Amino acid sequence: MRPCAISPGRSSSIPRTLAPTGRAVACSRPVEDLLTAGELSPGEPEALEDFRLVVELDPMSDRAWFGIAQARATQGDLAGAVADLDRAISLNPAAPEYYDVRGELRTVLGDPAGAAADAERAAKLRDLRRR
């Protein structure tokens with residue numbers, strides 16, 4: 001069984017054990033289930049810490065890296081968010097939404113060429129999905 005993590009006080013339906021850090025670690029559901037269920041949300045104040053814990057437990061989770069990127073962007077760390085999106089893309093280069101978000105951030109950061117390349121890649125990936 002793969003480890004997963006949530007903050008204390010989140011969904012009471014998830015059995016938890018206390019990690020040495022004092023954070024709650026749910027061991028009954030994989031990380032991807034929590035991400036799919038929306039139990040880890042990038043918009044919450046503790047999101048960055050939650051997603052970092054998920055990455056610590058499952059460093060190959062592209063969705064957790066995407067969550068870190070979204071949380072960092074929400075907190076204003078756009079360059080850090082781009083770096084985290086780079087990691088998510090390296091783990092799952094077929095996710096057009098990763099390129100979309102990175103392209104938006106690159107636009108704000110003044111990288112129109114990078115933004116255009118990301119938009120083009122996202123469009124190609126969507127086209128491949130439709131086939």
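## Salt bridges at a glance

Let's start with charge: the count of salt bridges comes to 9 in this predicted model. As a reminder of the chemistry, side chains of opposite charge can pair when their charged atoms come close. Five residues, D86, R102, R106, D111 and D118, are linked in a network of these salt bridges.

## R106 and its partners

R106 is a good place to step into that network. The side chains of R106 and D118 meet in a salt bridge, with 3.1 Å from N to O. R106 belongs to helix 5 and D118 to helix 6, so this pair ties together parts that are 12 residues apart in sequence. R106 also meets D111 through a side-chain salt bridge, here at 3.8 Å from N to O.

How do these residues sit with respect to the surface? R106 has 18% relative accessibility, so it counts as buried, the cut-off being under 20%. D118 is also buried, with a relative accessibility of 2%. D111 has 31% relative accessibility and therefore counts as partly exposed.

## Helix 5 and what covers it

Helix 5 covers residues 96-108, a run of 13 residues. At 1.5 Å a residue this helix should span 18 Å, and its end C-alpha atoms are 19 Å apart, which agrees. Just past the helix comes G110, whose phi is positive, near 85°.

Several helix 5 residues are buried: P96, Y98, Y99, R102, G103, L105 and R106. Two members of the salt-bridge network, R102 and R106, therefore appear in that buried set. The cover over the buried residues of helix 5 includes helix 3 (62-74), helix 4 (78-91) and helix 6 (112-130).

## Helix 4 and its glycine

Helix 4 passes the length check too. Its 14 residues should span 20 Å at 1.5 Å a residue, and the end C-alpha atoms are 20 Å apart, in agreement. The buried residues here are G80, A81, V82, D84, L85, A88 and I89, and they pack against helix 3 and helix 5.

G80 deserves a closer look. This glycine lies in helix 4 and is buried, with a relative accessible area of 8%. At the start of the helix, a side-chain oxygen of D77 reaches to within 2.9 Å of the backbone nitrogen of G80. Looking further along the chain, G80 and I68 are 12 residues apart in sequence, with their C-alpha atoms 9.3 Å apart in space.

## A pair with more exposure

Which residue does R131 meet in a salt bridge? The partner is D127, and the side chains of the two come to 3.0 Å, N to O. R131 counts as exposed at 74% relative accessibility. D127 is partly exposed, with a relative accessible area of 31%.

## How confident is the model?

Before you lean on any one detail, a word on confidence in this predicted model. The protein chain averages a pLDDT of 78, and 67% of the residues score at least 70. Over residues 1-28, pLDDT stays under 50. For that stretch, the model has 74 contacts beyond four places in sequence.

Notes. Residues numbered from 1 in each chain as written. Predicted model: local features only at pLDDT ≥ 70, side-chain atom pairs only at ≥ 80, totals over all residues. Heavy atoms only, no water. pLDDT = per-residue confidence, 0-100. Contact = heavy atoms within 4.5 Å. Helix = DSSP H or I, 4+ residues; strand = E, 2+ residues; numbered from the N terminus. Expected span 1.5 Å × (residues − 1). Buried < 20%, exposed > 50% of the residue type's maximum accessible area, 1.4 Å probe, protein only. Polar contact = N/O pair within 3.5 Å; in protein donor to acceptor, adjacent residues only side chain to side chain. Salt bridge = Lys/Arg side-chain N within 4 Å of Asp/Glu carboxyl O.
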